[in-house]
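Q: Please take a close look at one part of this model for me: the way helices meet. I'd like the geometry together with the residues involved.

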Amino acid sequence: FAPSGVSGSGWASFRHHCLQQAAMLPRIDQHATGSAMHRSLTILGIESSCDDTAAAVVRDTDVLSSIVYGQTSLHAQFGGVVPEIAARAHAEKLDHCIEEALTAANLTLADLDGIAVTAGPGLIGGVLSGVMCAKGLAAATGLPLVGVNHLAGHALTPRLTDQLAYPYLMLLVSGGHCQFLIVKAHDRFQRIGGTIDDAPGEAFDKTARLLGLPQPGGPSVERAARTGDAKRFALPRPLLNQPGCDMSFSGLKTAILRARDGVVVEKSGLTPQDQADLSASFQAAIADVLIEKTRRALDAYLQMQPAKPAFAIAGGVAANGAIRNGLSTLCAVLDTNFVAPPLELCTDNAAMIAYAGLERMRAGESDDLTLSARPRWPLDQSAAPMLGSGKKGAKA
């Protein structure tokens, strides 16, 4: 859309000029050799797919700065993220966040080689805010623009933090997603399992609301679980009696609701110990499912006989200590390298977006000012949709 006060023809002319200027910048040719292919790249990353406004500067595998503006206080009274509120907050904070990231890295826009931005999937208002901001910067500076799949950012984080070699197995587990991916290249992902309904992060959030714990739910449930009895409530482990790596967490939410209601009827309310025991029982059920399904996914992955077997986790739920410890123990038994990024790189951040954009640039890929925001964007385009499909495309 043309800015206010600018005619359609004038905007088209300006846009054409920006594209011409961008085309004159040095590009990374995927067939190039020597220093041109492997020269150092400094990328600004922008992330706004949900309720965290983030900007970061990454040079190769060095995170020079990573700034995240959270929105927890804005959504607290609603018990979850309100898309319209999130989008407005992104629009208000993106420029400040980017400026802070550049200042922390002691750089200016002139020092950058490209701009990477989350182009989906996510809440469309937030994604659109980030994409339009990145387009404006690219048009003004002539820097290459690189759209990044938010899930690819998570999936490639182990290469940023630990320089993992392809292929490796990734468990991407967050508030909106849960899937096993064999990461074969920066743009080649084979999904071998995932949730057929709710994601674990969503289940954590809803469990916290049911138990009267604050949001975000994942950290609250984990804190409560530390003093709880995980064996007090017999909760189900969905789909463990079914073969394969697919998971389900919808029934587990129903089970925790019924367990809570039983306690409320008996005691006319929940005591802090009841909250702790329910949290511990719920967390144990989630962990058991993820660990068993990971064992099966590792069996499938190891049949590929990778030279350096590695299993990595990413996403907000990957910050859960009980889940991390269980998966680490499993990998030790199976003689597979276990990689868990630092906690600040598990949750949404822009450093992972910058790095994913850097990998795209090294492959000679970039976008122009027609880059679109996408609410849905599966990583494995060849796999059948797990959660249905519609006009906006496959959900996952």
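**Helix pairs, and one helix by itself**

A: Happily: α7 crosses α8 in a left-handed sense (the near helix is turned anticlockwise from the far one by less than a right angle; clockwise would be right-handed). This is a predicted model, where local features need pLDDT of at least 70 and side-chain atom pairs pLDDT 80 or more, while totals for chains, interfaces and linings use all residues. Numbering runs from 1 along each chain as its sequence is written, and side-chain values use heavy atoms, without hydrogens or water.

Helix α7 (residues 200-211) packs against helix α8 (residues 217-225) at about 65 degrees, with axes 7 Å apart (lines fitted to C-alpha atoms over the stretch in contact, angles from 0 to 180 degrees between N-to-C directions). Helices here are DSSP runs of H or I, at least four residues. From α7, F204, D205, T207 and A208 touch G217, G218 and V221 of α8 (heavy atoms within 4.5 Å). That contact holds 3 nonpolar, 3 polar and 1 charged residue, with Gly counted as polar.

Now to α4 (residues 83-104) and α5 (residues 124-141): their axes come within 9 Å and cross at roughly 35 degrees, and this crossing is right-handed. A87, H90, A91, L94 and I98 of α4 meet G125, G126, S129, G130, C133 and L137 of α5. Here the split is 6 nonpolar, 5 polar and no charged.

Finally, α10: 22 of its 31 residues are buried (under 20% relative accessible area, 1.4 Å probe, protein chains only), so α10 is largely enclosed by the rest of the structure.

Methods: Buried means under 20% relative accessible area, exposed over 50%, partly exposed in between (1.4 Å probe, protein chains only). Helices (H or I, at least four residues) and strands (E, at least two) are DSSP runs, numbered from the N terminus.
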